[in-house]
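The report that follows describes selected sheets, helices and buried elements of one protein chain. Please read it alongside the sequence and the coordinates.

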Amino acid sequence: MTKKTNKITNTLSVMQHDAYKLLISKKHPAMALCTLLVPEADRRKLDALTGDTSCQSRTMVLLNVAQTIKEELTKEKKLTTFIGLARQFLNRPTDEKPLKKIITTDDVFGENQPSTELDNYLNFFQKLIGEKAFTTCGLCYSNTENSLFFVDENGGYFSDITDLDYYVETPQSNHQSSTRSQQTYVLRAALGSNCTDLIKECALNAATHNFNKLTERERTSVHETFEDQLAAAIFQVISHIPQKEAPAIPLQAIVPQTLVILQNAYRKRHPINVRIRRIMMTPIEHKQKQNEKSHPPQEFNYMITNARTFMAMTNKKTSRFKLTSSIPEEQQETLGMCFDLFSYYIRNQNGTGLSSANDSEYYAEIESDNLDPVWALLLPSLIAHSPFSGYANDKSTNHDAYYKTLCPPAKAQKYNRIQNYSFKLEAPNGEDNRPSLYELITSCRELMAKYNLGDIREFHRDETARGAYERRKKPHQAAIRHIWIGSYREVKAEGEKFVHTRVAHPDIICRGPLFRMGERSASFKTMAEVEEFLKVRRSSSKRAKKMYKANYPKNWSFLVATGQVNQ
């Protein structure tokens with residue numbers, strides 16, 4: 001659900017139209033499908049951020065595709081053969097031209113063209129999964145190629161800018177001069193359109209045979225089942241992001257959209273990988289200055305203390321997902337929907353369960369038998385988030401009043417912090433006593449108010465200093481930071497690396513203000529120091545880094561150790 005900003009950077013080359021078509025229609029779908037099937041491939045290469053705050057929408061399409069292809073190859077006893085071909089294709093030449101320097105069709109594949117055998121497989125997959133799903137996988141790769149991602153010293157994921165590298169020259173008929181156009185916006189719109197269309201299909205497939213698809217809010221009617229309510233919301237609670245140089249990016253409201261995706265994962269038995277980073281906030285002692293009239297806000301130093309990963313698996317007995325950290329070896333490579341969550345706590349704070357400052361006690365509560373991960377960990381963040389991207393034309397904070405019109409009269413509900421006793425992902429035995437969509441949202445809002453779960457921002461963007469952020473200053477039990485696809489093994493290993501790297505540098509200054517540097521971030525004591533750094537950086541990036549190295553030598557050592565800067 002991470003929000004993405006736009007920034008036009010200097011394009012190093014203009015891509016010929018034939019090269020662009022070959023890249024988008026052939027190479028990128030091939031890269032995407034090979035990445036999905038090769039166990040050790042980097043699935044972050046399919047983590048497209050386009051400003052639509054809909055990272056969750058990509059996961060359903062990618063997981064459904066991966067499952068369909070893998071099942072077919074397994075049935076035909078060809079999985080091992082394809083993985084061998086795919087692995088060879090993903091082993092790109094070291095001198096292959098990056099996206100910024102592709103000009104002609106010869107630049108697209110370089111010395112590693114797909115083999116005839118691989119081509120045959122890809123053509124078969126295109127028919128197997130359908131043109132729209134095939135194209136969508138490629139668009140995930142295309143838009144990720146064009147994106148920049150960062151993590152802070154504690155594994156907090158954020159993004160700052162998007163490059164505009166798909167600058168294409170198209171020849172014109174009638175001997176007219178060729179035209180140059182920025183295709184990045186077209187690719188964003190296409191990805192959004194395909195994902196929302198496929199989610200509509202999924203919602204309709206889950207709805208009852210009596211469901212009447214309505215696209216106009218003025219024609220609302222009450223829907224009895226939870227699935228029909230979701231389908232109605234998917235079609236009716238919509239918005240878009242206007243784009244000057246391309247069609248608008250279509251949007252669906254985050255709550256109903258993600259619930260449709262979670263139900264799809266439940267029905268298809270896709271696992272959900274939930275990683276929770278524990279961030280300890282140590283208060284900084286403030287020394288009162290002479291003539292200081294008021295005490296400034298409390299400052300903290302931040303340090304990741306743990307990052308445990310759990311797998312949520314379909315439990316047909318409870319009609320929910322069940323979290324566990326004991327994963328059989330053969331399931332650790334299975335692709336699933338991945339959630340990165342943060343849990344900020346003040347050192348030595350009082351509290352038990354999810355409010356505990358003790359990691360062992362906290363994680364024991366997470367893995368307790370009664371905890372429903374959708375209710376306790378995911379739904380509060382989805383509801384706390386704005387329904388649409390900040391770039392959308394609809395700026396509403398919620399659509400609760402409209403959801404109420406879709407649903408029958410409210411029923412009494414019983415719930416606590418870790419479960420809503422009536423909420424299930426399907427109606428067991430055909431008896432649907434579940435809360436309506438409206439009841440689920442309103443009861444969760446009550447829960448959020450009781451436990452202060454409403455502020456889900458890990459970083460606050462500083463609008464006056466581009467590229468600068470400030471960490472949150474309040475504890476939070478658990479909130480979603482990002483959603484993507486990957487295996488349990490991948491997600492667990494990444495979390496352990498975050499902890500290991502940070503623990504190896506315990507004395508770095510990790511206060512509130514931070515600024516991106518490489519694929520990491522540089523922390524500062526005050527925002528005034530960030531502004532001074534930016535001022536120097538505008539005239540000389542080298543001098544700004546030299547100044548940071550002198551002022552924060554231990555932080556500089558951390559950046560060197562993580563490969564973000566040279567010694």
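Which residue is the bridge partner of M15 in β4? In this predicted model, the partner of M15 is V168 of β4. Strand β4 covers residues 167–170 and runs parallel to β1, to which two bridges join it. Both strands belong to an open sheet of three strands, ordered β1-β4-β5, whose pairing is mixed. The edges of that sheet are formed by β1 (15–16) and β5 (179–182), each of which pairs on one side only.

As for confidence, the protein chain has an average pLDDT of 91, and 95% of the residues score at least 70. Residues 2–11 have a pLDDT below 50, although this stretch makes 42 contacts in the model beyond near neighbours in sequence.

**Two crossing helices**

Helix α1 (residues 17–37) meets helix α2 (residues 55–75), their axes coming within 10 Å and crossing at roughly 70°. Because angles of 65 to 115 degrees count as roughly perpendicular, α1 and α2 are described as roughly perpendicular to each other. On the side of α1 the contact is made by L33, L36 and L37, and on the side of α2 by L62, V65, A66, I69 and K70. Sorted by class, this contact of α1 with α2 comprises seven nonpolar residues, one charged residue and no polar residues.

**A sheet of four strands**

A further open sheet has four strands in the order β12-β13-β15-β16, and its pairing is antiparallel. Its edge strands are β12 (459–461) and β16, each pairing on one side only, while neighbouring strands of the sheet are turned by 40° against each other on average, direction ignored. The table lists strand pairs that run antiparallel, including one that involves β11 and β14.

| Strand pair | Residues given | Bridges |
|---|---|---|
| β13 and β15 | β13: residues 468–471 | three bridges |
| β15 and β16 | β16: residues 520–523 | four bridges |
| β11 and β14 | β11: residues 335–346 | nine bridges |

Between β13 and β15, Y469 has L514 as its bridge partner, and E470 is partnered by P513 of β15. Towards β16, M517 stands opposite R520. The strands β15 and β16 form a hairpin with two residues between them, and G518 in the turn has a positive phi of about 65°.

**Buried strands and a buried helix**

Is strand β15 enclosed or open to its surroundings? Five of the five residues of β15 (residues 513–517) are buried, so this strand is largely enclosed by the rest of the structure. Its two faces are both covered, with P513, F515 and M517 buried on one side and L514 and R516 buried on the other.

Strand β14 (residues 476–487) is likewise mostly covered, 12 of its 12 residues being buried. In its pairing with β11, I480 of β14 stands opposite L341.

Helix α8 (residues 226–236) has 11 of its 11 residues buried, so the helix is largely enclosed by the rest of the structure. The buried residues of α8 include the charged residues E227 and D228, as well as F226, L230, I234 and F235. What do the buried residues of α8 pack against? Their neighbours are the helices α7 (184–206), α9 (254–267), α12 (400–406) and α13 (437–451), together with the strands β6 (238–241) and β7 (249–252).

Key:
Residues numbered from 1 in each chain as written. Predicted model: local features only at pLDDT ≥ 70, side-chain atom pairs only at ≥ 80, totals over all residues. Heavy atoms only, no water. Axes fitted to C-alpha atoms, helices over the stretch in contact; angles between N-to-C directions. Parallel < 35°, antiparallel > 145°, perpendicular 65-115°, else oblique. Contact = heavy atoms within 4.5 Å. Pairing = 2+ DSSP bridges. Buried < 20%, exposed > 50% of the residue type's maximum accessible area, 1.4 Å probe, protein only. pLDDT = per-residue confidence, 0-100.
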